[in-house]
Amino acid sequence: MTRVRTALPLLLALLAATACTGDGGGEKPAPAKPPRLKQAWSVPSSGDGVYEPWKNSWLGKGILAFRTGQDGKNLVGHATSSGEQRWQLPLPKGTERVCALSKGVNAKGIGGILLDAGDGDERCSVAAAVDIRRGKVLWSKPLGETSEPPNNTPGVSVGETTLTATVGFHGLARFSLEKDGRKLPALPHVPKDRDGVDVIDHDGQHIALHTRSEFAVYDADKGTRLWHRPVAREGARLEGLVSADPVVLDAQEKGHRNYRAYGPGKPLGKELITTNREAPLTGRGILVATFADDPRTYAYDMRTGKRAWTAKRTAAELDVGIRNGALLSARQYSSLEKWLVTHDLRTGAPRTLGRLTGLKAAARPFATDARRLYVLGQTRAGAQRLIAYELPPRGTAKRYTPPATQTPVQNPLGAACDAVTPRTLRTMKLADDRPPPESCHWVEQYEPRGVKRELEVETEKHDDVAEAKKEYRAPESPLASGMLADARPVRGVGTEAKSASSGGSRGQNRTIVLARHRDITVQVVAGTETLHRDKYRHSPSPEETERAARSAAADVLRSLRAPR
């Protein structure tokens, strides 16, 4: 059986529609494929190997710089005009390798790096400023201990006048770019006790902090506090800085993690569950994000909190970055072909720039500027190349037909979450005014504290009806933990349905419902756990838990027009 995890039974159609035609005036149909992009240059990639350039590269002042060698120990610079390697960074005395790069360079072409000072307690404990044009370290300063930033962030950033580095887990050091690395004073209103700071993130322009009592955003160059917000000690955590104007954080409050726009006071998109996720992209007041199990791109207005547009994605689609006011993405349509498409940040209007050919599927576009796209990949013959492609300014609005072999994109679990109604959530005593979680797993445990309520939906599309029936009749499943062996039938939910419950008190109870409609199975688990009797009124009764589980299954099946 080929099992596809999805939220609704229907498959999303292929992204592209049929080719455009004229109105009878003799206009020819659009070609089946967009034109090939022209190579500006192609050079062999470093013999030592290029280290994750999509996370570790700079582009500025006519230089494309990236890390090479084992664990990215070296930093090299290539001319964007020709691909010629111009320099390999000489490391300061007493350091052994490059540990991290800032996300970019400033307007003067200065970037920040962290350097390894050796074994023991001095790993990645030196901050340095680098001139990208000359490939030269301007100055370096010891941090005193290893930089260990959270959530895979670089731990170093540069503004116009200041380099900022994370020290240890919770410390911060700021150095003047104009004064040969002179150390700058500590930020105001920050606890001197480092244990009073939980998380630090910075992007060169701004610094975001989570202290014991608040989220705060600072101007990285001036060191002044621009914004702050009190937060509860429990259930709150800063995951990262998304935007400072307006303030948008990847943050958890009351146990729920979202991209949060603090102007309108709204979450942007679904509740975030997965870790090690790609950071959202921002530009022209728009945040662009994707969510687990959901093959759609979402765009939100950061000032109003409203959704601006959505766009379907292919099964193999990669967002490259923001270019000329549009989201640039690469779609893999065959083992040797990628199409480059854009969506206008404000309107979502799609355009096609062209296609890349002759590179194996693992080839990855990793940087773009106004004129070119930079790609690291392997040719058909197996050679590793660094290639620059010329990009048209805007591309065409013509619609092209993707290859017939392109696999349809499966509908997401997220759509099942969208189908669960506020009434069902209220029955389970869950908040009904939040975006659904990207994993289709609702959890409440901080409002009020000590009262845990959960609702989880998992949907599968099977090869055929026979496979779905076999799954439905199996006594075990990952979520059921054997409970369904003693299940009783449920009427009025899908083609067939059954449920089982455990625990009979208001403080602790659990219900599982498994339903089938044709070749789709929907499994719902609902439960509560309340430790203190005086809070039982906040938890659902066994009857409410069972009703909520059945209702959630019916909500999902109703969205696929299953008979009641």
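In the predicted model, the chain contains 4 helices and 38 strands. The chain comprises 564 residues, of which 53% are buried. Among the contacts with a separation of 6 or more, 50% join residues that lie 24 or more positions apart in the chain. The accessible surface amounts to about 25,700 Å², and carbon and sulfur atoms contribute 47% of this area.

The interior was examined next. In soluble globular proteins, nonpolar side chains tend to be buried together. The largest nonpolar core of the chain has 27 residues, and the members that touch the most others are Trp442, Leu455, Val457 and Val524. Two or more residues of this core are supplied by each of the helices H1 (413-419) and H4 (542-559), and likewise by each of the strands E34 (449-461), E37 (508-517) and E38 (520-530). Helix H4 provides the largest share of the core, with 6 residues. Another core, which lies apart from the largest one, consists of 17 residues, including Ile110, Leu114, Cys124 and Val167.

The surroundings of Val524 illustrate how the largest core is assembled. When residues up to four places away in sequence are left aside, Val524 touches Leu455, Glu456 and Val457, together with Thr511, Ile512 and Val513. The remaining contacts of Val524 in this set are with Ala549, Ala552 and Ala553. Leu455 and Val457 are themselves among the core members that touch the most others.

Strand E34 also takes part in a pairing with strand E33, which spans residues 441-446. The two strands run in the antiparallel sense and are linked over 5 bridges. A hairpin with 2 residues connects E33 to E34. Within this pair, Glu444 is placed opposite Arg453 of E34. As a general feature, side chains in a regular strand alternate between the two faces of the sheet.

Empty space within the model was also considered. Rolling a probe the size of a water molecule over the atoms shows where empty space is left. In the whole structure, 3 cavities of 30 Å³ or more were found. The second largest cavity encloses about 60 Å³ of space. The lining of this second largest cavity consists of His256, Glu271, Leu430, Ala431, Arg434, Pro435, Trp442, Val443 and Glu444. Strand E33 gives the most to this lining, with 3 residues. Two of the lining residues also appear in the features described above: Trp442 belongs to the largest nonpolar core, and Glu444 stands opposite Arg453.

Key. Residues are numbered from 1 along each chain as its sequence is written. This is a predicted model: local features need pLDDT of at least 70, side-chain atom pairs count only at pLDDT 80 or more; totals for chains, interfaces and linings use all residues. Side-chain values use heavy atoms; hydrogens and water are left out. Buried means under 20% relative accessible area, exposed over 50%, partly exposed in between (1.4 Å probe, protein chains only). Contact means heavy atoms within 4.5 Å. Accessible areas come from the Shrake-Rupley method with a 1.4 Å probe; for residues, only the protein chains shown count as cover. A nonpolar core is a set of buried Ala, Val, Leu, Ile, Met, Phe, Trp, Tyr and Cys residues joined through side-chain atoms within 4.5 Å. Two strands pair if DSSP finds at least two bridges between them. On a 1 Å grid over the protein atoms alone, a cavity is a set of points where a 1.4 Å probe fits but cannot get out, and a pocket is an open set with protein on both sides within 12 Å along at least five of seven lines; lining residues have an atom within 4 Å of a point. Grid points are joined across faces, edges and corners, and a volume is the space filled by probe spheres set on the points.
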